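Please read this report with the sequence and the model side by side. It looks at the ligand, at the pocket around it and at two points of backbone geometry.

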Amino acid sequence: MSYEEERERMVINLRRRGHIKSKEVVEAMKAIPRHLFVPEAARPSAYHDTPLPIGEGQTISAPHMVGIMLEKLDLSRGQNVFEVGGGSGYHAALVAHIIGENGRVISMERIESLAERAREAIKRCGLEGRVVVIVGDGSLGWEQLAPYDRIFITCASPEIPPPLVDQLEEGGKLLIPLGSRYLQTLVQVEKKGKKLKRKSYGGCVFVPLVGEYGFS
Ligand code: SAH
């Protein structure tokens, strides 16, 4: 089977299991080649619904988890989006596809070599300039291009980093795996004036956030 056929089948399965529903998310997952975001050795498994190692002890999340997060992010065209934990760049590329040419994703990754590989894959997808990968501690946000309409964290976090709440646009939404180092709950926070409206979704497992507001 070709990568295209495998990807098509992955999307059919994610829809059948109810992980993805909206036209925009389905189209994005059909369009972005996940195999370009994993190391050569992992390519035969690129379209299996499982996390895969991407080097430096880090992983690309399982497609169903990426799909669930894309649905909960409730994206629209032209948005300014911030990601903590760029990793392979796959998640950021999907977001960029959904928010279109006038949108922008700032993806922060603490490990330089992963950021470099993510940039290459993003370029190969023709998304250069629409996803900007920056090396640094994403738990501090990135003041220069704030406020953000959407913020998503793809690492396990012990708390919601306060700078990220500050950098979230009024009415904006933030998605974060909140909990312990080994098990988290996917939490969505909506900024309404001084209040934060919280919603909890299911359990999830991410690699830990390392940084100012991460695990020590
Ligand atoms: N969204 C990624 C998943 C990456 S896994 C993808 O689609 O592939 C989480 C990533 O978060 C790892 O690459 C890890 O290095 C990174 N990370 C951990 N703490 C971080 C921090 N404080 N700032 C930025 N990146 C961080």
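The sections below go from the basis of the model to the ligand, the pocket and the backbone.

## Basis of the model

This is a predicted model, in which local features need pLDDT of at least 70 and side-chain atom pairs count only at pLDDT 80 or more, while totals for chains, interfaces and linings use all residues. Residues are numbered from 1 along each chain as its sequence is written, and side-chain values use heavy atoms, with hydrogens and water left out.

## Surroundings of the ligand

The shell around the ligand holds 24 residues, a residue being counted when one of its heavy atoms lies within 4 Å of the ligand. Those that come nearest are Ser 88, Glu 109, Asp 137, Gly 138 and Val 210. By class, the shell has ten nonpolar, ten polar and four charged residues; here Ala, Val, Leu, Ile, Met, Phe, Trp, Tyr, Cys and Pro count as nonpolar, Asp, Glu, Lys and Arg as charged, and the others, Gly among them, as polar.

A backbone N or O atom of Gly 138 lies 2.8 Å from a nitrogen atom of the ligand, and backbone N or O atoms also lie 3.2 Å from a ligand nitrogen at Arg 110 and 3.4 Å from one at Gly 136. On its own the ligand has 580 Å² of accessible area, of which the protein covers 99% (Shrake-Rupley method with a 1.4 Å probe).

The elements giving two or more residues to this shell are β2 (58-60), α4 (90-99) and β4 (104-109), and β2 gives the most, with three residues. Helices (H or I, at least four residues) and strands (E, at least two) are DSSP runs, numbered from the N terminus.

## The largest pocket

The ligand sits in the largest pocket, in the sense that more than half of its atoms lie within 2 Å of the pocket's grid points. A pocket is an open set of points on a 1 Å grid over the protein atoms alone, where a 1.4 Å probe fits and protein lies on both sides within 12 Å along at least five of seven lines; lining residues have an atom within 4 Å of a point.

Of the 36 lining residues, Gln 58, Thr 59, Thr 154, Cys 155 and Val 207 are the closest to the pocket's centre. The lining divides into 18 nonpolar, 14 polar and four charged residues.

## Backbone geometry

Most residues other than glycine have a negative phi, and most peptide bonds are trans. Glu 56, in the loop between β1 (52-55) and β2, has a positive phi of about 60° although it is not a glycine. The peptide bond from Ala 146 to Pro 147 is cis, with omega near 0°, and Pro 147 lies in the loop between β5 (131-135) and β6 (148-153).

Methods. Polar contact = N/O pair within 3.5 Å; in protein donor to acceptor, adjacent residues only side chain to side chain.
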